[in-house]
Amino acid sequence: MDRLLELKYLYVNNNQLGSIPNKLCLLQHLCELHLANNNLKLLPHDIGYLTNLKKLSLPRNQIEELPEELCKLCNLKVLDVAGNLLTIFPTKLLELKLDELYYEQNPLLEKNLISSAQQNEVLSLQEITARY
């Protein structure tokens with residue numbers, strides 16, 4: 001892994017990964033991380049250490065919840081979590097200055113309430129859309 005510390009782009013699509021190794025979160029120069037079409041169920045909390053990440057692509061996995069550590073990704077511009085099993089949207093993620101957010105094909109329905117574990121704020125999908 002030491003030889004990869006300067007890695008900027010990582011594409012690990014279509015590999016049936018069940019989890020992301022914590023060591024991946026040591027790649028501090030990583031700008032883009034593509035993990036589409038795997039079997040990911042959760043993201044490591046250490047993902048917040050990837051502060052240079054500009055694009056995080058996680059479509060078509062089995063992710064049920066996004067960790068609020070994603071809020072530490074201050075350079076993140078594109079977040080793709082389409083086609084997962086997400087039922088809530090952490091309101092803390094609204095603090096990110098995203099240019100693109102892909103959230104379609106999740107069980108989150110328009111009338112469902114979306115809440116944050118760390119905040120008492122509750123938003124509807126319409127309110128989230130209005131903020132972007």
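Modeller: Let's start with pLDDT, which is the predictor's confidence in each residue, from 0 to 100. You'll want that in mind here, as this is a predicted model.

Colleague: Okay, what does the protein average in pLDDT?

Modeller: The average is 86, and 81% of the residues score at least 70.

Colleague: And where does pLDDT stay under 50?

Modeller: Over residues 116–120. The general idea is that where pLDDT is low, the predicted coordinates should not be read in detail. The model does have 11 contacts beyond four places in sequence for residues 116–120, but go easy on them.

Colleague: Got it. How many helices and strands are there in the protein?

Modeller: You'll find 1 helix and 7 strands. Walk along the sequence and the pattern goes β-β-β-β-β-β-β-α, with the helix coming after the strands.

Colleague: How do I read burial, then? What share of the 132 residues count as buried?

Modeller: The cut-off to remember is under 20% relative accessible area for buried, and over 50% for exposed. In this protein, 42% of the 132 residues count as buried. As for the surface, the protein exposes about 7,700 Å², and carbon and sulfur atoms supply 48% of that.

Colleague: Let's try one residue. Is Leu73 buried or exposed?

Modeller: Leu73 has 0% relative accessibility, so it counts as buried. Leu73 is found in a loop, the one between β3 (55–57) and β4 (78–80).

Colleague: Which residues does Leu73 touch, leaving out those up to four places away in sequence?

Modeller: Leu73 touches Ile47, Gly48, Leu50, Thr51, Leu53, Leu56 and Leu96. Tyr49 is another one to look at: Leu73 and Tyr49 sit 24 residues apart in sequence, yet their C-alpha atoms are 7.5 Å apart in space.

Colleague: What about the whole protein: how many of the contacts between residues at least 6 apart join residues at least 24 apart?

Modeller: That comes to 26% of them.

Colleague: Last topic, backbone angles. What is phi of Asn14 near?

Modeller: General idea to begin with: most residues other than glycine have a negative phi. Asn14 has a positive phi, near 55°. Its place is in the loop between β1 (9–11) and β2 (32–34). With 55% relative accessibility, Asn14 counts as exposed.

Colleague: And what is phi of Gln16 near?

Modeller: Phi of Gln16 is near 55°, again a positive value in a residue other than glycine. Look for Gln16 in the loop between β1 and β2.

Colleague: Is Gln16 buried or exposed, and why?

Modeller: Gln16 is exposed, because its relative accessible area is 67% and the cut-off for exposed is over 50%.

Conventions
Residues numbered from 1 in each chain as written. Predicted model: local features only at pLDDT ≥ 70, side-chain atom pairs only at ≥ 80, totals over all residues. Heavy atoms only, no water. Contact = heavy atoms within 4.5 Å. Helix = DSSP H or I, 4+ residues; strand = E, 2+ residues; numbered from the N terminus. Buried < 20%, exposed > 50% of the residue type's maximum accessible area, 1.4 Å probe, protein only. Areas by Shrake-Rupley, 256 points an atom, 1.4 Å probe, with all protein chains shown as cover.
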